Amino acid sequence: MGPIMQQFREIETCVECSATTMIQVPDVFYYAQKAVLHPTAPLFDHDEQTLKPRCVRALKRIFIICDHDMDGALNDAELNEFQVKCFNAPLQPAEIVGVKRVVQEKQHDGVNDLGLTLSGFLFLHALFIEKGRLETTWAVLRKFGYGDDLELRDDFLPVPTKLSPDQSVELASEAVEFLRGIFGLYDIDNDGAVRPAELEDLFLTAPESPWDEAPYKDAAETTALGNLTLKGFVSKWALMTLLDPRHSLANLIYVGYGGDPAAALRVTRKRSVDRKKQQTERNVFRCLLFGPQNAGKSALLNSFLERPFSENYAPTTGEQYAVNVVDQPGGNKKTLILQEIPEEGVKKILSNKEALASCDVTIFVYDSSDEYSWKRTKELLVEVARLGEDSGYGVPCLLIASKDDLKPYTMAVQDSARVTQELGIEPPIPVSMKSKDLNNVFSRIIWAAEHPHLNIPETETGRNRKRYRHLVNSSLVFVSVGAAVAVVGLAAYRAYAARRNSSS
């Protein structure tokens, strides 16, 4: 078996046993249990004979947490506290000296005058694993909340559950302030942006950088050099919190958030309640962006992220996000998330009755110079209006007439005025991304989101339905009042009859 195990390093144990003589039969079950409870594969790469990247990242985070004085080394007191936390037993002074000596013999930079360094800490765990003491490393990892996938377990992530479809999750103000502070620490040259390498360093204590893939990768504002601005940094966290609160909270903890995890997120009020109260307490607004191909949706997203206009047209094949902080009058800052829905994805979106529940505003972009673009946009607007009426999740709708620098399609101008008046929403907002004439469109979108009772389109069918309900309710009130009058009259008659009988 020796050569086979040498060739296939993933084989952890070989046990010779006999069911007849009962030789080493208990060992078979012991090692089988050990392989499940303390697996090697997540921690160690046998081919490279090194700790795996996720294991290194998790141990680095644990080291930083235990390094209370933040001097880059674990002194004797910190080592002892670590030992007690993980194994409920202190280290004797002689044991600490022995540990340091073992590390120093094999890893010269593993110990310095201040104590055990990160390099030495990682070496110790690699040594435990090589000697078959995986339970030691797993005990440490699990004490600090890690599961078998080397991600924080659910019991360490108090994420809000049982939300209504029209509720969302945002970062609490304390968490946002923490992120602003973290950004300042990694913005070494104080230029208001962090380079990709600095961002990678930030997430070295997370299983991996969460923003390397869609939908986060290109969703926020960057400088001309591709560095992430503070607005872009905070915006990406807002997007991640909206789409995946658990993932956002986990990464917040990975990068060093030390506050109460249960207080890091807040659940917003139901949008239906916001409409009744005619105001909202939200700081992050989600906007669905509809429109036919080549209407200018992607150009609007690029303008939102301060990216230059491009003449080259490339149709969007999947959902795209753009998120940014919008400065409002009075110094208020709101985060706006624009989600572009490609034309072929509209059917899927509108087939879901709760599609509008998680949305604060819907935007309809059309090419103001093109006949088909306007007609298709009008159809989409009516479809969304009907869905809102049928589902009860009606949302404010705004029309954006793009390419205002071109000669307008005359009928579209007249028809759009009529349609918006019939539906009870604002007239189209003319914009031109090419000439950078945006007509304050993003602040106007925020304003519509902050006034959720306005600009909700109402179709003729919806009006008839409302009139019918009003008529039914009025009838019920009339019947109730009549019944109450009858009851009162009957009671009065009985009282009168009773007095007559008693007097006679």
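User: Why is E383 called partly exposed?

Analyst: The relative accessible area of E383 is 34%, and a residue is buried under 20%, exposed over 50% and partly exposed in between, using a 1.4 Å probe and protein chains only, so E383 counts as partly exposed. This is a predicted model, in which local features need pLDDT of at least 70, side-chain atom pairs count only at pLDDT 80 or more, and totals for chains, interfaces and linings use all residues. Residues are numbered from 1 along each chain as its sequence is written, while side-chain values use heavy atoms, leaving out hydrogens and water.

User: What makes the contact of E383 with R376 a salt bridge?

Analyst: A salt bridge requires a side-chain nitrogen of Lys or Arg within 4 Å of a carboxyl oxygen of Asp or Glu, and the closest N and O atoms of R376 and E383 are 3.6 Å apart, so the pair qualifies. R376, at 16% relative accessibility, counts as buried. By this rule the count comes to 27 salt bridges.

User: How do you know that R142 and D148 meet in a salt bridge, and what distance is found?

Analyst: Their side chains come to 2.7 Å, N to O, which means that they satisfy the limit for a salt bridge. R142 has a relative accessible area of 27% and is therefore partly exposed, and D148, at 42% relative accessibility, also counts as partly exposed.

User: Why is it said that D360 and R271 tie together parts of the chain?

Analyst: D360 forms a salt bridge with R271, with the closest N and O atoms 2.9 Å apart. Because D360 lies in the loop between helix 14 (346-350) and strand 13 (361-367), whereas R271 belongs to helix 12 (residues 271-277), the pair joins parts that are 89 residues apart in sequence. Both D360 and R271 are buried, and they belong to a network of salt bridges with R269, D274, E281 and R282.

User: What makes the buried residues of helix 8 line one face?

Analyst: Helix 8 (residues 173-186) is a DSSP run of H or I with at least four residues, numbered from the N terminus. Its buried residues are A175, L179, I182 and F183. Seen down the axis, they fall within an arc of 105°, so they line one face of the helix, the arc being that of the directions from the helix axis to the C-beta atoms. On the other side of helix 8, S173, E177 and L185 are exposed.

User: Why is M1 called exposed?

Analyst: M1 has 54% relative accessibility, and therefore counts as exposed; its place is in the segment before helix 1 (2-7).

Note on methods: Helix = DSSP H or I, 4+ residues; strand = E, 2+ residues; numbered from the N terminus. Expected span 1.5 Å × (residues − 1).
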